Amino acid sequence: MVKFDDSYTNSRVADLHTQEEERYVETMAPQLGFNYINLNGYTINPESLSAISESNAQKALVAPFEIKQKVLSIAAKTPSSPDTQALFEKLSKQYSLQVYMCSTASLEYAWKRYSDMTDSTAEKKGVFEIDADTIKDLSDKIKKIEDVLVILKQIRTANTPRRISETIELVFAGGLALGSSDIHIEPEAGAIRLRYRFDGVLHDIADLESYMHKRMMSRIKLLSGMKLNSHAEAQDGRFTFSAGYRDVEVRSSVIPGALGESVVMRLLDPSVSSFSMERVNLNPHIQAVLERQLKKPNGLIITTGPTGSGKTTALYAFLQEVHTEGVKIITIENPVEYKLEGIVQTQTGEHYTFGSGLRAILRQDPDIIMIGEIRDREVAETAIHAAQTGHLVFSTLHTNSAVAGFARLMDLGVDSRTLGNSINLIMGQRLIRLLCEDCKAGYAPNERDAKLIQFIMQNHPHPVPVPDPLLIYKPVGCEKCGQSGFKGRAGIFEGVVVDEAVEEAVISDPREHVILAAAKPQGIPTMIEDGIEKVIKGTTSMSELQRVIELPYQEAGLLNEGPEHINPETPQTSGDDEFLKHVV
Ligand SMILES: [Zn+2]
């Protein structure tokens, strides 16, 4: 006898109903002369909630969600109903109203925020604001880490009632001004540690006073739409603040700890969200290979690398490259990092996994699909099936090299025979910091490093001449680069095209060195070769390369490990690096 799981079926029906209503409202709103809004996942401005009481909002089927100056934005399920109209009339004496139409799900989502407000009665109105002008003024003043410390001292000395708000504003302004991708706030014994990640590296910024911790966390959690009264669970949230001339979206994550909660906030600065092949800056050998592969109508293109190697950024650039009128592109990501214009981007969730989402996407008749990451067999096999049935598919794998991608897919349970006729190209990549042209210093490398450079260049399929005597460069630090010695970043890349020889190796003997040997005639340099070329050309340093990838001293018969110890590359602050700032 077939047994149906009623609870599953019921929740599925409810899901479908919700989706259907959402689509219905979206279609109806413009016909009735209203703007449509979907509040699910929207960061409700807590101040707007105080304009209408919870019971009045529920009675009139409305939810306030934004307030700026005296303009109150309200979502309503039935804007023309008498109850709703009566409420609008009352409110319009005090505010100028902007009315939107929304679904029941949107209302329910927004109403939940009222309970957060009650939790936070201690927090008075006004503390939720991050003032756009303040952020802009502050960030204009900040050029290096020391500037953050100077302003922090001023805030401490002035000791105004807004001290905590001012500190939070400074934390955001400093993060933006220094080009950070993430802000880390961690309680420690006796202080709160503030760190920023920029140019891919975490930098200690300041110790904040311990007494602020609880109140800073409450504000950040309120902004993020998190539960205030829970201190023992991990929570995620997001919010947007304005920095004068642009809006910055923040994705925040809180985890509990022995000394209290820590928060990491990722800054998604839309000013860096244009992706292009030029900005990815591929070396000409892999660029040529990639251009050929991107023209193919079907097959799988995979980028590999650890977290922070820029692989999703590269995929976004590829999508922009293949995005033309008349092709349908759908992505499934976790989460959507940037909105790309003209591309349907979806995000995984409780009922929308990579596996189920991908199957749904295939029913949407796409030409090109981007899958955030291949993590399990189901996704791997669906991706391969899609690639074999006329779709160009992009995805990423978490491996250390391009060639390791084959083994990873086989570990997930994919049949080696299907890899050959579905994968077009596997790439590997890392991000390295580029030396500041204004202060880098030339030096003659020691014998060991010189020998390693020679050794690597001998194998390089397109070797660049190694000057004799060899002069390479190290970071120094100056005003222009904020004393870090580095300015900007670039990728180093490698790739394996799946041609007949590689396919044969993958099926018969998929050990890495065998596949590599089969791919050798393709003439694509490895990441190490690409990196050493950049060292010889003076665009990066030996120890920067060693920071992101292990150099083959041992293979070259050189016993000591690591490059010559040149001056410690602990940068103090970043330059105005706009390149590949947000990497995934
Ligand atoms: Zn410099």
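**Figure 1. The whole chain, with its 21 helices and 19 strands.** Welcome to the overview: this is a predicted model. The chain has 584 residues, and 41% of them count as buried. If we take contacts between residues at least 6 apart in sequence, 70% of these join residues at least 24 apart.

**Figure 2. A close-up of the largest nonpolar core, a set of 79 residues.** Which members touch the most others in this core? They are Ile-371, Ala-383, Val-393, Val-502 and Ile-515. Strand β16, residues 423-435, supplies the largest share of the core, with 8 residues. A second core of 39 residues lies apart from this one, and includes Val-148, Ile-168, Ile-220 and Val-250. As background for both views, nonpolar side chains tend to be buried together in soluble globular proteins.

**Figure 3. Ile-515 and its contacts beyond four places in sequence.** Let us zoom in on one of the residues that touch the most other members of the largest core, Ile-515. Once neighbours within four places in sequence are set aside, Ile-515 is in contact with Val-403 and Phe-406, and also with Val-496, Val-502, Ala-505, Val-506 and Pro-510. Val-502 appears in this contact list, and Val-502 is also named among the residues touching the most other core members.

**Figure 4. An open, antiparallel sheet of 6 strands.** Reading across the sheet, the strand order is β7-β6-β5-β10-β9-β8. Which strands stand at the edges? They are β7 (201-208) and β8 (235-242); each has a single partner strand, so one side of each is left without a neighbour in the sheet. From one strand to the next, the twist averages 20°.

**Figure 5. Strands β9 and β10, paired in the antiparallel sense.** Staying with the sheet, we look at one pair in detail. β9 covers residues 247-255 and β10 covers residues 262-268, and 7 bridges connect them. A handy place to start is Glu-249, which stands opposite Leu-268 in β10. In general, strands of a sheet pair through backbone hydrogen bonds.

**Figure 6. The crossing of helices α17 and α20.** Two packed helices are described by the angle and the distance between their axes. Here, the axes of α17 (residues 447-459) and α20 (residues 527-536) come within 10 Å and cross at roughly 125°. The two helices are therefore oblique to each other, and α17 passes α20 in a left-handed crossing. On the α17 side, the contact is made by Ile-453, Ile-456, Met-457 and Asn-459. On the α20 side, look for Ile-528, Glu-529, Ile-532, Val-535 and Ile-536.

Note on methods:
Residues numbered from 1 in each chain as written. Predicted model: local features only at pLDDT ≥ 70, side-chain atom pairs only at ≥ 80, totals over all residues. Core = buried A, V, L, I, M, F, W, Y, C linked by C-beta atoms within 7 Å. Buried ≥ 20, exposed ≤ 12 C-beta atoms within 10 Å, placed from the backbone. Helix = DSSP H or I, 4+ residues; strand = E, 2+ residues; numbered from the N terminus. Contact = placed C-beta atoms within 7 Å. Pairing = 2+ DSSP bridges. Axes fitted to C-alpha atoms, helices over the stretch in contact; angles between N-to-C directions. Parallel < 35°, antiparallel > 145°, perpendicular 65-115°, else oblique. Left-handed = near helix turned anticlockwise from the far one by under 90°.
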